[in-house]
Amino acid sequence: MGSPVRDALLDAAADLLVRRGYRAVRMRDVADAAGVSRQTVYNEFGDKWGLAQAVVLRDNERYLDGIDHILTAHDDLYSAVLAAVEFTLELSADDPIKKAVLTGAGGDELLPLLTTQAEPVLFTASARVVEHARARWPELVGPDLPEVADAAVRLVMSHIVLPSLPPDRTARLIARLVVRALGLTPPD
């Protein structure tokens, strides 16, 4: 968890990004909304892009906390992946931050945070999934797990950016792929 000032700045920035779009948000607006100086915003995030990236990363951390909870609630890997992917796709469809990023509200400047410059989001998601899977299903420990987790996260991200099927069907597809890639047999 961040400092109270950082959290207030991220709350203000998230609200402004959703309401106005990236182009229309100024560092001064974020500072005013949080009740701090503009220099405080610059000191904390460097620039507007750093601020936007921090908003997306915090949103991702909150989402990953939900994923941890979902994975814990399932005993078998297939059910856990199925529930996690469906949760992700449904949440992303309703998440105001992701909508602002994906729809380009106020300009499409934020889209790279989930596409070409998504490394921090992808790395964090993959690492959390691997950590959780190793703790929950120790029999999966092996060199394939990080590769499969990374591929699954990237596949889910692609369906967030460009959905092609309803979330439940996409979730079944990805869950089957993950289970098979790890040498297990998915249920029919």
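A helix here is a DSSP run of H or I that spans at least four residues, and helices are numbered from the N terminus. In this predicted model, K98 belongs to helix α6, which covers residues 96-103.

**Overall make-up**

The protein contains nine helices and zero strands, and its pattern, followed along the sequence, reads α-α-α-α-α-α-α-α-α. Of the 188 residues in the protein, 42% are buried. The exposed surface of the protein comes to about 9,800 Å², and carbon and sulfur atoms supply 55% of that area. When contacts between residues at least 6 apart in sequence are considered, 69% of them join residues at least 24 apart.

**Three residues in their surroundings**

K98, already placed in helix α6, has a relative accessible area of 10% and is therefore buried, since buried means under 20%. Its C-alpha atom is separated by 9.0 Å from that of I160, although the two residues stand 62 residues apart along the chain.

S126 is part of helix α7, which runs over residues 119-136, and its relative accessibility is 8%, so S126 also counts as buried. Once neighbours within four places in sequence are left aside, the residues in contact with S126 are A149, D150 and V153.

V36, by contrast, sits in the loop between α2 (27-34) and α3 (38-45). Because its relative accessibility is 22%, V36 counts as partly exposed. Leaving out neighbours within four places in sequence, V36 is in contact with V5, L9, A31 and V41. One of these partners, L9, is 27 residues from V36 in sequence, and the C-alpha atoms of the pair are 8.6 Å apart in space.

The table gathers the location and accessibility of these residues.

| Residue | Location | Relative accessibility | Class |
|---|---|---|---|
| K98 | helix α6 (residues 96-103) | 10% | buried |
| S126 | helix α7 (residues 119-136) | 8% | buried |
| V36 | loop between α2 (27-34) and α3 (38-45) | 22% | partly exposed |

**Helix α1 against helix α4**

Helix α1 (residues 4-20) and helix α4 (residues 48-72) have axes that come within 9 Å of each other and cross at roughly 100°. With that angle, α1 is roughly perpendicular to α4, because angles of 65 to 115 degrees count as roughly perpendicular. On the side of α1 the contact is made by R6, D7, L10, D11, A13, A14 and L17, while α4 contributes L51, A52, A54, V55, R58 and R62. Sorted by class, the residues of the contact of α1 with α4 comprise eight nonpolar, no polar and five charged.

**Helix α8 against helix α9**

Which way does α8 run relative to α9? The axes of helix α8 (residues 144-161) and helix α9 (residues 167-181) come within 10 Å and cross at roughly 165°, and this makes α8 roughly antiparallel to α9, given that angles over 145 degrees count as such. The crossing in which α8 passes α9 is right-handed. The contact involves V148, A152, L155, V156 and H159 from α8, together with T170, I174, L177, V178 and A181 from α9. By class, the contact of α8 with α9 consists of eight nonpolar and two polar residues, with no charged residues, whereas the contact of α1 with α4 includes five charged residues and no polar ones.

Conventions
Residues are numbered from 1 along each chain as its sequence is written. This is a predicted model: local features need pLDDT of at least 70, side-chain atom pairs count only at pLDDT 80 or more; totals for chains, interfaces and linings use all residues. Side-chain values use heavy atoms; hydrogens and water are left out. Helices (H or I, at least four residues) and strands (E, at least two) are DSSP runs, numbered from the N terminus. Buried means under 20% relative accessible area, exposed over 50%, partly exposed in between (1.4 Å probe, protein chains only). Contact means heavy atoms within 4.5 Å. Accessible areas come from the Shrake-Rupley method with a 1.4 Å probe; for residues, only the protein chains shown count as cover. Axes are lines fitted to C-alpha atoms, for helices over the stretch in contact, and angles run from 0 to 180 degrees between N-to-C directions. Angles under 35 degrees count as roughly parallel, over 145 as roughly antiparallel, 65 to 115 as roughly perpendicular and the rest as oblique. A crossing is left-handed if the near helix is turned anticlockwise from the far one by less than a right angle, and right-handed if clockwise. Ala, Val, Leu, Ile, Met, Phe, Trp, Tyr, Cys and Pro count as nonpolar, Asp, Glu, Lys and Arg as charged, and the others, Gly among them, as polar.
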